[in-house]
Amino acid sequence: MSIKKKLFGTLSDGSEVYSYTLRNRSGMKVKIMSLGGAVMQIKVPDRNGCFADVVGGYDSLDSYVGGDGYQGALIGRFGNRIAGGTFTLDGVKYTLAVNNGKNHLHGGDAGFDSKVWSVAERDSDEPELVLNYVSPDGEEGYPGRLDVTVTYKLSADNALSIIYRAETDKKTIINLTNHSYFNLAGYADGDILDHELYLDADSYLPTDETLIPTGELRSVEGTPFDFREPKKIGRDFYADDPALKCAGGYDHCFNFRGGETDTPVKRAELYDAESGRAMEVFTDQPCVQVYTGNFLNNEKFPFKNGFKQRPQSFVCLETQHMPDSINHENFTDCVLNAGEVYDYTTIYKFSVR
Ligand code: GAL
């Protein structure tokens with residue numbers, strides 16, 4: 001058996017939350033829970049064969065419920081921000097929860113990260129978990145009943161695939177992603193400014209001070225946002241750049257060259273020279289939000305093993321469509337019609353060098 005199911009805790013409404021540990025032949029382990037479909041643990045070897053857990057998270061269910069930051073969770077219906085929490089579709093104005101300053105963030109007050117997903121196990125040498133959540137019409141203000149299935153698959157080559165599929169019964173908007181926080185040296189090991197990052201992105205979206213894109217697609221050329229050749233995240237982190245200062249670090253949508261693809265292609269790579277661990281990101285999505293954990297400072301909710309929250313101790317690579325895209329004609333299309341299938345795949349593949 002390569003999937004182990006365990007009761008993780010019970011929510012205040014009595015629902016039980018289970019964790020599922022997937023293991024492949026080379027010993028890589030990924031732990032995922034039914035609350036928020038969150039990735040709680042990814043254990044991969046370094047170049048000497050020593051395993052470490054390379055994602056952020058908490059020890060207790062209470063912390064996952066009370067803590068912020070969307071640790072490891074599935075995000076929906078709309079990942080990232082929507083300005084003022086409003087948008088118009090076919091002449092109808094929709095009003096969403098405003099849960100981040102004056103904007104809507106990551107699906108609202110009770111986004112997909114806070115839902116208990118139903119989980120089906122497909123055990124084999126390459127174990128899979130199939131998670132399902134049906135969001136009723138009008139939930140958090142969004143139109144349409146949205147039926148979402150997310151499959152996590154751990155392959156023999158140390159790749160974790162996340163396959164997102166959704167269907168609606170009414171025209172709606174959608175932008176699903178996963179909010180895992182990575183530190184390839186291990187979750188307890190300092191900051192990620194020494195990690196090297198490669199991004200196949202030739203432009204990014206500058207934002208206002210509330211982190212809403214201004215509408216401009218700005219070339220990365222000659223800016224701290226140019227990761228087309230791998231460079232340390234910290235190299236230009238403190239550069240005198242208004243877009244970087246405005247967000248308090250990297251917290252921007254990067255647009256992949258040529259936009260979305262039919263099948264996943266390599267778009268990013270993270271590398272920690274000290275441990276030798278590398279993580280390639282393959283996706284068919286058009287963009288990635290690179291977030292260097294600038295808001296990680298909540299003292300009330302220490303991470304696993306009591307580690308204090310610290311900014312820049314992790315980096316998120318959230319593949320997605322452009323934030324606030326419904327309010328910008330020149331942005332990627334986030335509309336899903338009844339009868340269509342939303343279908344994207346992102347693969348985080350671990351190796352050493
Ligand atoms: C990220 C977002 C950040 C912050 C974070 C959650 O996806 O880009 O600005 O909101 O989620 O704390």
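**Close-up views of a predicted model**

**View 1. Asp251 and other side chains meet the ligand.** An N or O atom in the side chain of Asp251 comes to 2.5 Å from an oxygen atom of the ligand. Pairs like this are polar contacts, meaning N or O atoms within 3.5 Å; within protein, one must be able to donate a hydrogen and the other to accept it, and residues adjacent in sequence count only if both atoms are side-chain atoms. Glu318 also takes part, with a side-chain N or O atom 2.7 Å from an oxygen atom of the ligand. For Arg81, the distance from a polar side-chain atom to a ligand oxygen is 2.9 Å.

The model is predicted: local features need pLDDT of at least 70, side-chain atom pairs count only at pLDDT 80 or more, and totals for chains, interfaces and linings use all residues. Residues are numbered from 1 along each chain as its sequence is written, and side-chain values use heavy atoms, with hydrogens and water left out.

**View 2. Here is the shell around the ligand.** Among the residues around the ligand (those with a heavy atom within 4 Å of it) are Tyr70, His106, His179 and Phe295. The shell divides into five nonpolar, four polar and three charged residues. In this grouping, Ala, Val, Leu, Ile, Met, Phe, Trp, Tyr, Cys and Pro count as nonpolar, Asp, Glu, Lys and Arg as charged, and the others, Gly among them, as polar.

**View 3. Look at the backbone around His106 and Arg77.** His106, a neighbour of the ligand, has a positive phi of about 50° although it is not a glycine. Most residues other than glycine have a negative phi, and most peptide bonds are trans. His106 lies in the loop between strand 10 (104-105) and strand 11 (118-122); strands are DSSP runs of E, at least two residues, numbered from the N terminus. A cis peptide bond, with omega about 0°, joins Gly76 and Arg77. Arg77 belongs to the loop between strand 6 (74-75) and strand 7 (81-82).

**View 4. Now see an open sheet with two edges.** Six strands, in the order 17-26-25-22-19-20, form this sheet with antiparallel pairing. Strand 17 (181-182) and strand 20 (218-219) each have a single partner strand, so one side of each is left without a neighbour in the sheet. Two strands pair if DSSP finds at least two bridges between them, and strand 17 has two bridges with strand 26 (residues 315-320). Here Tyr181 stands opposite Cys316.

Methods
Helix = DSSP H or I, 4+ residues; strand = E, 2+ residues; numbered from the N terminus.
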